[in-house]
Each structure stands twice: as structure tokens, then as C-alpha cells.
Amino acid sequence: MKSVRVLLAVAGNSFYESVRHRFFLLFAVFAFTAIYASVLAGVMAVDQEARVLADFGLALMELTALAYALFTASSVLLREAETKTIYLVFSRPVPRWAYLGGKLAGALLTAALMLVVMGGMHLALLALRGFGAPACYGWAVLGSFLKLSVITSAAFFVSLFSTSAVSTMVISGVLWTAGHFVSEARFLADKAHGVSAAALKGAMLLIPNLQLFNARDAAGAACALPPAAFAAAAAWTLGACLAALWLLSRKEF
Amino acid sequence: MSAHAVSFSAVEKTYKRPGFLGASYTTAVKDLSFEIPAGEITGLLGLNGAGKTTIMKLLTGLIFPSAGKVKVFGHAPTEGAAKARVGFLPELPYFPPHLKPAEALAYYGRLSGLAGPALAQAVRAAMDRTGLEPHAGKRVSEFSKGMLQRLGLAQALLHDPDLLVLDEPVSGLDPLAIHDIRGLLAGLNAEGRAVFLSSHSISEVEKLCSRVLIMVKGRLAAVVKRAQWEAAPGGLETIFVEAVR
């Protein structure tokens, strides 16, 4: 119970620090500007305007929240070690799992808030253009959040062995990109032979299939994310967290 | 209850630095055995690189010994039972500049397992104890170095520890701030708390401590008691200079 309170304290502090950080404000301004740019793009799409506006806005929301989450996950441990804040934390009876869980929860809570705020802006802009909420909008935003939880926890893991925040962001960004091409990789692996097939199949085990969370690609009622998507997100997040905890429990400060 | 707050037994710490052409190793402390008695003020002196900060980190569980055993009140330093009884002030502690002192302390109090009225009481007591009460309305960004050090001490006192571990507590402070911190530490010791502090200031250590450990190149060169340096011509400074030369 005490450890859970510690986790909540770390999460609350992490969320508060993120929300009041100027970087967060910059992201909000950026997101608003980018979504407005999508309206301009929509005007040029003529009869496909509603679809272009919805897809472009949702993609920008996801990318903005992704950039924020990766920045946080890759820099938070390094920054706390550099400022020695971590000394004040780990010299106390703070279990490392509670610290890691709190930091991840704080980052995801902030990312969720970003998605909600940007979603509100996006829907308001759509309404201004005379369109209602696109079908499956909520599922699409939820899918983006599931992707963020997988990639953020992976970024925490990478940050524990990577030498800089930039390399963590690059590795995690590559993972995010590769995660959208797992079906293509599987197709290639089936066609390949010998070592390259084995290498591709091996790599696919380490790359989360982020296409599972793309509700926008489906139409009508099929856009609802299946339970398997939630289970996959939970499994990837938990796996990355356990790997990160394994490294963190051995880490010296 | 253990008579010793801390015991080091044949402790060695070697740092591994991974490199492109293989790892390199640096031994920071070697064959280190000593005790810190409960309820006493013990000082740690040494030149830069002598291993002082390594010792502080070993006994707060921030790093792990490569060999030997460290015990804090009979427990491994990584155990919660040991950490609950230790308050640590690192050198130049950092606090988010936008926070007010009570906000920063509340966070660290929560991490120490405090909540509700007990947390509010602990924050008030720590601020009162360290003389931060009149500055409660200021933000950390407005704090002088002396006030930051007081805040650092306040966070170390929040959970009412039996042992205070202080890394360079008077480093860079003006004479008045040093005087105040010295008075505060003497008061804390008078309540029965053990204090273990490292410093480059021999005169400060001489005024506060009842025992001093002198480290030379990662090894314990001497353990000097107050009676010894008071009887020695030139005092603790002469003993220190002879030990490190």
C-alpha cells in the first residue's frame, strides 16, 4: 500500500512538472497550428474534405503526442541523474518499480491529456468547417493512446542503456515506424529464405505490431478496437516495463 | 538495536566504464572497514578523488559494493528498513525552481511514506527546524545558496531519521550560513541522531565532530578522535596533512 502511494506521488509530480513545463505549452501551440493547417489542406481536397481533415488531424495529434512522450521518456531519467534529484529519491525507501511505474504513469497521463485537448481543438475546427465528429473518432484516439503507451514504455527501457536522450528518441522513433510495417515485414519474411527469413522473423518478435491499434483504417462498426488489441498493448507495455525494471534495479547513480 | 549506525567491512568499490575497445575499471575505495557509532558526529576528510562521495553513496544504497559488506542499522543499505532511518543531503541539491519550499518538501515527504496530517506536520517541523518558515512564501528560484542548503537539510529531516548523511553540507556557504548550519547539526546530534558528514573544511569538521575518518586514495588512512587532535600540536590540520602526504 505504501509503495502504491509512492507510485502515485511520483506520477502526480511527473504529471504536474510536465503540464507546467513550457515545452508542453509549445506543443499545444504547435498542435493547434498544425491542426489549423489541416483545415487548409482540407479545403484543397474538394469532395474528400471531411475525410482529409479527420485523417490529417488525427495523424498530427498522434505525432505531436508521440514527440512529447518520447522526449519525456528519453530525458527524464538522465535529467534526474544529472541534477542529482534521483539521489533524493533513491536514498529514500522508494522501490524502483514504484518510481518507474510512477514516471510512466505521469508521462501517459500527460499524453492522454494532450490527446484530449488536441482532440477538442480538432473537433472544434471540424465543426467550424461544418462537419460533425468523424465515425470511430473515439476509437482512433484510443488507438493512438495505446500506441503511445507501448512506445513510451519501450523508450523508458531504451533510455536505461542508451548513452543520450537523442539516441533513445531515434531508436524509439525507428521502433514506432517499424511497428507500422509489421504486416509488410511478415509478408517479406514468408517470401524470404535462409538467414534473411530467420533475421526478419526474429526482428518481428521485437517489434510491436502498431497496426493493431489503427482504428482509422477500418470502416463502420469494425473500427472498434478488439479485446486482442488491448491485450497486445498491455502485454507490450508490461514487457517493456519489466525489461526496464530489470535494468533500473541494477543501475547505480 | 545495533550500537553502530553504519559498519563497513572490507568494502571495495570498482567503477566499470564501458568503452569502444573494452571496459576500463577504476577502484574508488578498497579494503575499507570502519564503523560509525550511533548518536555521534563523524567526519570524513580527504582530498578530491579520495572516495568520500563513493562512501556516502554506498551507505545510502545509490551504488552497490563490488566486495565486502555495508550495514546500516544492521540492514543492507538498499533495504527499506535502512533507508527509513537515513536522511541524505547530497552536495548541491537541486529543487525545481518554481516550487515553494513546502511543496518540494511535501513531495519528498510522500516518497518517505508520509501522508495526510503527519505529512503536513513533518513539513512544518522541518521548515521550522531549518529556519525556512519566514521564507515559506518564496519560490526556490529566489533562494540563496544557504537557503537551498537549509531546504536540502529539511528534506533529509522530514522522516525523522536516526542518521544524517551529509555530503559537503557547508560547501560554498557564507560564514553566517555556516554558523547556522553548524548550530543546527549540533542540535540534531544533541537529540541523539548520528551525523556523518564529509567536508573539505578541516576547521568545520574540527568544531563539530567527535571522530574523523581520513581517506587517502580510496583507503582509510586514519581514524582520529577529538582527544587526539586536541592534544596534537597543530590540531587536526597537521594530522590530516601528514596523513595525505
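Here a trainee and a mentor talk through strand 6 and helix 3 of chain B in a predicted model.

Trainee: Is strand 6 of chain B covered on one face or on both faces?

Mentor: Start with the strand as a whole: five of the five residues in 163-167 are buried. Now split them by side. Leu163(B), Val165(B) and Asp167(B) are on one side, Leu164(B) and Leu166(B) are on the other, and these are all buried. So the cover is on both faces, given that a residue with 20 or more other C-beta atoms within 10 Å of its own is buried.

Trainee: Which residue of strand 7 of chain B does Val165(B) stand opposite?

Mentor: Let's go through the neighbours. Strand 5 (residues 86-89) pairs with strand 6 of chain B in the parallel sense over four bridges, and there Phe88(B) stands opposite Val165(B). Strand 7 (residues 194-198) of chain B is also parallel to strand 6, over five bridges. In strand 7 the residue opposite Val165(B) is Phe196(B).

Trainee: What handedness does the β-α-β unit with helix 6 of chain B have?

Mentor: Strands 6 and 7 of chain B are parallel partners. Helix 6 (residues 175-190) of chain B joins them in the β-α-β unit, and that unit is right-handed.

Trainee: Why is helix 3 of chain B largely enclosed, and which helices of chain A does it pack against?

Mentor: It's largely enclosed because nine of its eleven residues are buried, among them Tyr107(B), Tyr108(B) and Arg110(B). Within chain B, its buried residues pack against helix 4 (116-129) and helix 5 (145-157). From chain A, the partners are helix 1 (2-20) and helix 4 (85-90).

Technical notes: Residues numbered from 1 in each chain as written. Chains lettered and ligands numbered in written order. Predicted model: local features only at pLDDT ≥ 70, side-chain atom pairs only at ≥ 80, totals over all residues. Buried ≥ 20, exposed ≤ 12 C-beta atoms within 10 Å, placed from the backbone. Helix = DSSP H or I, 4+ residues; strand = E, 2+ residues; numbered from the N terminus. Pairing = 2+ DSSP bridges. Right-handed = clockwise from strand over helix to strand, strands pointing away. Contact = placed C-beta atoms within 7 Å.
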